[in-house]
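I set out to look up two things in this entry: the surroundings of the ligand and the make-up of one sheet. My notes follow the structure.

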Amino acid sequence: MKFKKQIEGLQAYQPGKTTDEVKRLFNLEKVVKLASNENPYGASPKVKAYLDNAKVNYAIYPDGYATKLRTAVAKHLNVSEKQLLFGNGSDENILIVSRAILRPGLNTVMASITFGQYKHNAIVEGAEVREVPLKNGEHDLEKMYDAIDENTAIVWICNPNNPTGTLTLSQKIKEFVEKVPNDVLIVLDEAYTEYITDDEYEDSIGLLEKHPNVLIMRTFSKAYGLASFRVGYAIGSEVVISQLEPTREPFNNTVLSQEVALIGLEDQTFIKECKIKNNAGKKQFEEYCKERNLDFYPSHTNFILMEVKADSDVVFQGLMQRGFIVRSGNALGVPGYLRITIGTGEENTELLQKLDEVLREEGVI
Ligand SMILES: *Cc1c(COP(=O)(O)O)cnc(C)c1O
């Protein structure tokens, strides 16, 4: 058959083991998954209250324009409704943007290491991928600028960056955006924006006024605790959004997902509380690393990339046998490190005790 040449040998996304699999595999009663940066506190209790009594007409297609949710998000962000694109998670928005723009002969610039889906989708579309190594765990915007030429179509900035958790300061992004030619789309993937506490951080939506080639991506999957519902949104200029809309599937958010995202959005108190608890959890990990002389990247998210001074896969396995699923640095291009989602205080304490056991076995501490 006539498959695209470039997808030959391309691997499907490899999800980690589920908690059920790990329970069965190691005969455990309790398994905690701290691997994909979901909110350990779940979603707003108002979402649960809604779902317990939800009455949905299953036979009818959802609102393909996500009108109610769109109105609420537009109001929340103080942008126009036409500046929003809703996707089946940010993952789909990355796909939509790639599909609308990339093709053989064009190139796309991104960091290495960063979120894997930018590269994956670029390969599917046959575009050239230009990866610029991080500098101290941060986007090297000068080198990324140097990588741009007349065939560059999209630049991806993951901010804060996954898997390092590091933040590129607003001032640097502003300077970068001012230099980049205005026919290059600059995507700011801000999946963890709700967790940022840095005083110097400015909301990037302000960039849109002068720079219609900026597109910001946010999601209900992380701080809002709604990953299973698959709702992400992009905020851009009306011109860019209207060009992207036709490449989106007609009914890409379900009836329930639109409802729960709206309820989640309206409970900003819950988001604030989670941010405070996340900060306390982050300190647990930072102190742990400092006491054991393990390197870590300063995190502005709900996960931390930390050194283990041993084979990441071995430590990952050791934690899994003890009931904690994390991400091995080997799978992320950072050998010798683990990426761990910051859990509840109790989960963190228990995980760090288990990590001590594993690191002792490995002779690290
Ligand atoms: C989790 C994540 C996404 C994907 O989010 P979904 O909305 O669940 O598809 C996108 N970008 C980054 C950086 C992420 O960490």
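I take helices (H or I, at least four residues) and strands (E, at least two) as DSSP runs, numbered from the N terminus. The model is predicted, so I accept local features only at pLDDT of at least 70 and side-chain atom pairs only at pLDDT 80 or more, while totals for chains, interfaces and linings use all residues. I number residues from 1 along each chain as its sequence is written, and side-chain values use heavy atoms, with hydrogens and water left out.

Ligand shell. I looked up the residues near the ligand (a heavy atom within 4 Å of it). Helix 4 (residues 89-101) supplies the largest share of this shell, three residues. Of the 13 residues there, Ser 90, Tyr 192, Thr 219, Ser 221 and Lys 222 come nearest.

Polar contacts. I then searched for pairs of N or O atoms within 3.5 Å. A backbone N or O atom of Ser 90 lies 2.6 Å from a ligand oxygen. For Thr 219, I find a polar side-chain atom 2.6 Å from an oxygen atom of the ligand. A polar side-chain atom of Ser 221 also lies 2.6 Å from a ligand oxygen.

Sheet. I count two strands as paired if DSSP finds at least two bridges between them. Three strands form an open antiparallel sheet in the order 9-12-11. Its edge strands, strand 9 (303-307) and strand 11 (327-328), each pair on one side only. Strand 9 is joined to strand 12 (residues 337-341) by five bridges, and I note Met 306 opposite Leu 338 in strand 12.

Terms used:
A polar contact is a pair of N or O atoms within 3.5 Å; within protein, one must be able to donate a hydrogen and the other to accept it, and residues adjacent in sequence count only if both atoms are side-chain atoms.
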